[in-house]
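Dear colleague,

I am handing over the structure below, and after it you will find an account of what turned up when I went through it. Please read the two side by side.

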Amino acid sequence: MSYSVEIKKLDLAFGAVKVLQGLDLNINEGEFLVLLGSSGCGKSTLLNCIAGLLEITNGQIFIKGENVTWAEPSERGIGMVFQSYALYPQMTVKGNLSFGLKNAKVPKAEIEKRVARAAEILQIGPLLDRKPGALSGGQRQRVAIGRALVRDVDVFLFDEPLSNLDAKLRVDLRVELKRLHNQLQNTMIYVTHDQVEAMTLADRIAVMKGGAIMQLGTPDEIYNRPRNLYVADFIGSPSMNFLEGHLEGGSFKVDDMIMPMTGYDFAAPQTADRPAVIGIRPEHVVTGELVRNAPLRYSVDVDLVEPMGSDTLVYAKLGQHLFRIRMDGQATVKAGETLEVGIDPSRASLFDKATEDRL
């Protein structure tokens, strides 16, 4: 199978500090891949290695089957969009879009054609004669995307392009980026620390920590079958409820509670009892009439209620453990109440306490 981008045994070190080590990653043709992780995990560093902005220590990088490990950024057939718009303030939008093409000696007619196409796709036609100072943040970011778009490349790299925008603009531009990818079908590699961006945009997500990929999978796989405790905790807002206990004879035991794991899809045949951690998403806890059909039922003591409009987040105690529940926005529940909840073990996640890997 031919890949759009291949990364083989990539190492990057700054002196004695190893930032990326033995990293392998294959990105399919036309795929929208998101590199997701907290600050310092190596996601932007990896993107800069692909772009040729950082010189790697070991390994190889292939783009469209060509070894570009030591090629200059301009020779890699990529377009890059940064967190900062990096527009030339003295130039108009049209000037910003065409500047790189003029330097590359692209014929004038071809420049006009590419700029017009980018302006149409990004809906910035009326802005072509304005300068960046007269544009909003969202408009500036559209121009920055357009500047990459006019290069007519196979691979687009996005380094947290929406993080400087306010919440509503982020949502609007996120939708436009998804639409742009659907329209162009180019390979896009996108760096973010925002899990909502990752889940909504990606064909696949690479969750990173400490310069390594902790899990690579579709948003559905990452959400429903996290490979380890780190991914389970990182994905979801609020994050999973975690209870430490023991897996014994096919049941999870915590304090005086016994949870038979009926219907749970174990990652491998389980032969040994062991200390374990169970993870239960707040949105998978049922209340009200649905409790009567739940495989497991418990009483929790409500500690705090956060109304959020479409949802209500309830912070409660299950035994001695903090337990979060996501309820309907119209739910009537108050601090101090006792609430009946239901849990389906088949939707939970079990992890080995020692290795933190999924059981």
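**Backbone, a buried asparagine and the main pocket**

Glu 356 is partly exposed, its relative accessible area being 36%. Please keep in mind throughout that this is a predicted model. Glu 356 lies in the segment that follows strand 19 (349-352), and although Glu 356 is not a glycine, its phi is positive, at about 65°. Lys 64 also has a positive phi without being a glycine, in this case near 55°, and its place is the loop that runs between strand 4 (58-63) and strand 5 (66-67). With a relative accessibility of 40%, Lys 64 counts as partly exposed, because that class covers values between 20% and 50%. I single these residues out because most residues other than glycine have a negative phi, and most peptide bonds are trans.

The peptide bonds hold an entry for your list as well: the one leading from Ser 237 to Pro 238 is cis, with omega near -5°. Pro 238 belongs to the loop between helix 8 (229-234) and strand 11.

Strand 11 covers residues 241-248, and Asn 241 is part of it. Is Asn 241 buried or exposed? Asn 241 is buried, because its relative accessible area is 1% and the cut-off for a buried residue is under 20%. The side chain of Asn 241 reaches the backbone nitrogen of Arg 324 at a distance of 2.5 Å, a value you may wish to look at in your own viewer. Leaving aside residues up to four places away in sequence, Asn 241 touches Ile 278, Gly 279, Ile 280, Arg 281 and Pro 282, and also Leu 322, Phe 323 and Arg 324.

Turning to the pockets, the largest one has a volume of about 630 Å³. It is lined by 26 residues, of which Ile 78, Met 80, Gly 100, Arg 147 and Arg 151 are the closest to its centre. Strand 6 (78-81), helix 2 (93-103) and helix 4 (137-149) are the elements that each give two or more residues to this lining, and helix 2 provides the largest share, with five residues. Sorted by class, the lining of the largest pocket is made up of 18 nonpolar, five polar and three charged residues.

With best regards

Key: Residues numbered from 1 in each chain as written. Predicted model: local features only at pLDDT ≥ 70, side-chain atom pairs only at ≥ 80, totals over all residues. Heavy atoms only, no water. 1 Å grid on protein atoms, 1.4 Å probe; cavity = no way out; pocket = protein on both sides within 12 Å on 5 of 7 lines; lining within 4 Å. Points joined across faces, edges and corners; volume = space filled by probe spheres on them. Helix = DSSP H or I, 4+ residues; strand = E, 2+ residues; numbered from the N terminus. Nonpolar A, V, L, I, M, F, W, Y, C, P; charged D, E, K, R; others polar. Buried < 20%, exposed > 50% of the residue type's maximum accessible area, 1.4 Å probe, protein only. Polar contact = N/O pair within 3.5 Å; in protein donor to acceptor, adjacent residues only side chain to side chain. Contact = heavy atoms within 4.5 Å.
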